[in-house]
Amino acid sequence: GNYCPPGQSYEVPRFALQLGHNLFNGCDQLQHIFVHEKIQTVGKYAFANMPHLINVTFQEPSSLHHINDYSFSNSSLQYITFPASLRSNGKQCFAKSMRLKRVFVHSTYDFEWMSEGMIADSTGIIEELPAPKPDQEKLHGLPRFTPCPLRPKQKPFTDKERELYTP
């Protein structure tokens, strides 16, 4: 725990599979953190006590399925969007985070069981993102499937070439 990289932005190394307990606890310079798709869990107090934290971005599709107790407690986050893979969380994840406005989750998240612990003792509201409509399924404004470029036209083989290439 307690790793404070220099600078305001940090990208979690791609070999990591979890963010350990207290990982960035108390880092007072970090503002932006990018979490790649292989991270599965966020440890207790991993992003706690970060007075200048503006955003934590989770790459989609993601492997993140659980965030632990107090993982974002006393942070300055206002908004955060968790990936669709998130299934559970510990207690008081955003406790004492008094700037928190919205925690966005997907329809795959179990509101009934988890939402109370997520935003307990914070100023935030948990909100479900609307499921994408089929006609809106675009990635960064581009259609999901990009057609392959056509192969350049080739002149037909001569009889001699055909003999060479035919087993």
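Me: How many bridges join strand S9 to S10, and do they run parallel or antiparallel?
Reply: Four bridges join them, and they run parallel. S9 covers residues 102–105. Keep in mind that this is a predicted model.

Me: Which residue stands opposite Val103 in S10?
Reply: That's Ile126. Arg102 also has a partner in S10: Arg102 stands opposite Ile125.

Me: What about S7 and S9, how many bridges there?
Reply: Three bridges join S7 to S9, again parallel. Tyr79 stands opposite Arg102 in S9.

Me: So what's the strand order in the sheet?
Reply: The order is S7-S9-S10, and the sheet is open. The edge strands are S7 (79–81) and S10 (125–128). Each of them pairs on one side only.

Me: What does the twist average from one strand to the next?
Reply: It averages 20 degrees.

Me: What holds paired strands together in general?
Reply: Strands of a sheet pair through backbone hydrogen bonds.

Me: New topic. How many residues are in the largest nonpolar core?
Reply: There are 34. Phe47, Phe72, Phe82, Phe94, Val103 and Met118 touch the most other members. Val103 is the residue that stands opposite Ile126.

Me: Which elements give two or more residues to this core?
Reply: Strand S3 (32–35), strand S5 (55–58), S9 and helix H1 (111–119).

Me: And Phe72, what is it in contact with, leaving aside neighbours within four places in sequence?
Reply: Its contacts include Phe47, Phe82 and Phe94. Among the others are Val56, Phe58, Leu77, Ile80, Cys93 and Ser97.

Me: Where do nonpolar side chains tend to be in soluble globular proteins?
Reply: They tend to be buried together.

Methods
Residues numbered from 1 in each chain as written. Predicted model: local features only at pLDDT ≥ 70, side-chain atom pairs only at ≥ 80, totals over all residues. Heavy atoms only, no water. Pairing = 2+ DSSP bridges. Axes fitted to C-alpha atoms, helices over the stretch in contact; angles between N-to-C directions. Core = buried A, V, L, I, M, F, W, Y, C linked by side-chain atoms within 4.5 Å. Buried < 20%, exposed > 50% of the residue type's maximum accessible area, 1.4 Å probe, protein only. Contact = heavy atoms within 4.5 Å.
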